[in-house]
Structure formats: C-alpha cells, structure tokens
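Biologist: Could you pull the model up so that we can go through it together? I have a few questions about how it is put together.

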Amino acid sequence: MKQLTLLFILFSSGVAFSQQVLSFEEVIKRTLEKNFDVLIQRNNVKMADNTNNIGTAGYLPTVGLTADQSWTMTNTRQEFYSGQVNEKNGANNNSLVAAARLNWTFFDGFAMFARDKRLQLQEDLATVNLTAQMEMSIYQASVLYYSLQYYKRMQTVYEEAIQLSKERYDLISLRSKNGAANDLELLQSKLDLNTDSSNYLSHLNLISKMKADLALVMGEAGNLQFDVDDTIPAIPALNQTVILENALAQNTSLLVQKSQIAIIDQQRKELQSRYYPQLSFYAQYSATISKSEVGLLASNRSLGPGIGLTLSWTILDGLSNVTAVKNNKLQKENAEFAVEKQEQTIQTEVDKAWQDYTFSERMYRLENSSIVNTTEMFEIAQKSFESGSLTQFELREIQFSIIQAKNRQLTSEFNLRTAVLNLSLFTGDYKKLIP
C-alpha cells in the first residue's frame, strides 16, 4: 500500500513539475506562428503575390539574344553556263548569325487586362484560404485548450476520490487489526482504492495524449512540458439572427466559392480575346558574317537595326475556342450552384449548431443549479462513515455519485463552450483572435 501511495504522489506532483503555464492567448499565438498548415498557406499567399505582376499579366515586352556560329567542310563542283568550272575538295565555310530582338504584343484582344484581374483574384483567394486555415487551427487549439482545462478540473475530483479511498482503507485496516472489521471489508476497501488509482492514471494518460495533440497543432510536437491556465473565461451570449447574417456574409468557405466565380469570369474574357487579332511590335539588331572558299562570294557581312509590326489572327481553330467558352459558361453555372448549395448548407449547419447551443445552455443551467462542491461532500461522507452512520458500500455509492455529478457539471460547461466555438467557426469571428 505504501508503494501505491508513493505512485499516486509521484504522478500527482510530476504532472505539474517544471511546466510552463500557457495562457489561451499564448497558445493561439504559437499556433498562428508555427502551425504547419498555416505556414503552408502563408507560402501559397506569397507565391500568388509573386505571380501577380505586370510581367505575368502580359504587359511587358520580351527581349532575347540569338547567336549561331557554324563551320562546314564540303566537296564542291560548280559548272556555269559560261563554261567555267569551280571545283574544290575540303572547302571550308563558316558563318556567324547573331541578333538581339525585342518583341512586344501591345494588343492581344484585351487578354492582358483580364489576366491581370484574374491574378489579383487568385491572390485574394489565397488570402481567404489562409484565413480559413487560421480559423480552423485556432478552432482546433481552442477545443484542445478548453478540453485540457476540463480534464485538469476532473483530475482534482479523482485525486479527492483517491484520498477518500485511502483514508477509508487506513481506517478499515486499523479496525481489522482491532478485530472490528473482517478481511472482506479490508479487501473491498483495497480493491476500491486500486480502482480509483487506476482511473486516475488513465485520466492522466488522456491528459498527456491531449497535450500531444495540442502541441502538434502549435507546431511543437514532442513538447509536453507545458500546462494550461486555470482561468475560465465567461461564456458569451449569442444571437441567432446575427450569427446567421455573419455566416452568410463572411464564412470563409462561402467566400472561396464566390471567389471561384469571379476567377471563372476573367478566364472567359481571356478565352474571348482569342477572337480578336494580335498586334505586335518588334525591334532588332542583327549581324551576319560569313566566309566561303567556293561560291560567288568569298565573304559577306551585314550589320544593322530593324523594326516592324506583326499582325496575327486565327480565323478558324477547329471550334476549340468556341467549345472552351461554352464549357466556361457551364463552369460558372456550376460555381453559382455551389454557392447556393453552400449558403443552404450554412443555414442548415447554423440551425443545427444553434440547437446544440441552446440544448447545452439548458443542460449547463440544470447541472449548475446545485453546484457540486466535491471537497465538502467528500469530507461529509468521510465523517459519516467514521461515525458509523454509513457503511463502506453506501460510502462507495456516494463517492461514485459525487464523481458522476461533477463530471456532468464540467461536461455541460465544456459542451456549451464547444457549441459557442462551433458557431464562431461558421461566422468567421475567429479573425478577431488573430493578433
């Protein structure tokens, strides 16, 4: 029994030994700074920002350099009408052709303007996806944080139950030595103490697993040397109408769907630009130098600039662009259907979440109508047992009832807080928590 008591002391003291206490704000801050899903979305925003420039949109010209140096050795025989014959074996010929050219498409059927808007919309979409990931990460961290608070408070109840069982075992053990209690009573009290200790250790194991999950969300997997603050914030009052209005206005999943429609619109304009001709301007400077041991010219050199205009117009492309425009219209129609479906889904999910909230609120009020003071009730039960007004079996039933009542009370509070978090996730109010 001394070993069991020592084990209990080690576990109850080791859980809080040299651990950093994290506030809710600190957990959220670490999550937003180190969560890998958030970091990935941040990089996606940076990539979209890098892509969103006038060069990608097509406003800028292109400048290129070309150079071609060739050496040939040929066997040549040339006969002219005059009767002259030029014949040479192993004739060496070399030529150099080099050019610097600027090409600028200054009219492409307005595609560059549509592409410019599409790139901005894609960057905005990446930002919305980042916000959505932040909201989800904050939601996960919040649920785990408040879960740890709930389990810590239940830990105290289990510790009190173990203390009561330990005192009962000691008392019956003393009575057994004096002949006032039989071996069955002693064995039962020891069995109850072992059961309470086992439940306590299982509870500590759940806390460790939950800490591991929270550490993973914070991007600090493997670091379990922390604890959560005991401060319990007040649960805010909510309004169903306001929640639904905010959900339809700023729900991130809905904003993503609407962004897709705007992007599809710009893609259609890009496709329609192919119906127009393209006008390009070019300017170049070229150099050609060649030498030949046979032929009409022994050497040739030409250097100089040049400018010009190019017009290209695809009159018929096998109706592929017409098909692409038609499919684009269908894609937009599907995207609009998706928005309508998402709006109905949000309304349904908000209604369900509100029902959970109202039910949890009623349960919370019911369970807190008579707040359970476990310490006081355990002390009363212990004194009643010591005075002989309670048998150990009655004491055990009271002990179990106290644990169940406290568990229901804390569970109702946690369920209500989770219901508030679920409604906040729909409305996008988590953005207020972002520093």
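Biologist: Which residues of helix 2 (residues 24-34) are buried?
Modeller: Before the answer, please keep in mind that this is a predicted model, in which local features need pLDDT of at least 70 and side-chain atom pairs count only at pLDDT 80 or more, while totals for chains, interfaces and linings use all residues. Residues are numbered from 1 along each chain as its sequence is written, and side-chain values use heavy atoms, with hydrogens and water left out. The buried residues of helix 2 are Phe24, Val27, Ile28, Arg30, Thr31 and Leu32, where buried means under 20% relative accessible area, exposed over 50% and partly exposed in between, with a 1.4 Å probe and protein chains only. Helices (H or I, at least four residues) and strands (E, at least two) are DSSP runs, numbered from the N terminus.

Biologist: And what do those buried residues pack against?
Modeller: They pack against strand 1 (20-22), helix 3 (36-51), helix 5 (111-178) and helix 6 (183-217), with contact meaning heavy atoms within 4.5 Å.

Biologist: An arginine is in that buried set, so which residue does Arg30 meet in a salt bridge?
Modeller: The side chain of Arg30 meets that of Glu220, at 3.2 Å from N to O; a salt bridge here is a side-chain nitrogen of Lys or Arg within 4 Å of a carboxyl oxygen of Asp or Glu. This pair links distant parts of the chain, since Glu220 sits in the loop between helix 6 and strand 4 (226-228) and Arg30 in helix 2, 190 residues apart. Glu220 is buried at a relative accessible area of 10%, and Arg30 also counts as buried, at 12%.

Biologist: What about Asp230, which side chain does that one meet?
Modeller: Asp230 forms a salt bridge with Lys152, at 2.6 Å from N to O. Asp230 lies in the loop between strand 4 and helix 7 (240-250) and Lys152 in helix 5, so the pair ties together parts that are 78 residues apart in sequence. Asp230 is exposed, with a relative accessible area of 57%, whereas Lys152 counts as buried at 18%.

Biologist: Where does the partner of Arg153 sit?
Modeller: The partner is Glu413, with the two side chains meeting at 3.1 Å, N to O. Glu413 is in helix 11 (residues 392-427) and Arg153 in helix 5, 260 residues apart, so this pair too links distant parts of the chain. Glu413 counts as buried at 9% relative accessibility, while Arg153 is partly exposed at 29%.

Biologist: Which residues are joined into a network by salt bridges that share partners?
Modeller: Glu26, Arg30, Lys34 and Glu220 are joined into one network in that way, and the count of salt bridges in the model comes to 17.

Biologist: Switching to the sheet, what is the strand order?
Modeller: It is an open sheet of four strands in the order 2-3-5-6, with antiparallel pairing; two strands pair if DSSP finds at least two bridges between them. The edge strands, each pairing on one side only, are strand 2 (62-79) and strand 6 (299-312).

Biologist: How many bridges are there between strand 2 and strand 3?
Modeller: Strand 2 and strand 3 (residues 85-107) pair in the antiparallel sense over 17 bridges, and one bridge joins Val63 to Leu102 in strand 3.

Biologist: Going back to loops, which residue between strand 3 and helix 5 has a positive phi?
Modeller: That is Phe110, in the loop between strand 3 and helix 5, with a positive phi of about 70° although it is not a glycine. Phe110 is partly exposed, with a relative accessible area of 45%. Leu319, in the loop between strand 6 and helix 9 (320-367), also has a positive phi, near 65°, and Leu319 is exposed at 51%.

Biologist: Last topic, how many helices and strands are there in the protein?
Modeller: There are eleven helices and six strands. The radius of gyration is 40 Å, well over the 22 Å that the globule rule gives for 435 residues, so the protein is more spread out than a compact globule. That radius is taken over C-alpha atoms, and the globule rule is 2.2 Å times the number of residues to the power 0.38. The C-alpha atoms fill a box of roughly 145 × 55 × 35 Å along the principal axes, and buried residues make up 36% of the 435 residues.
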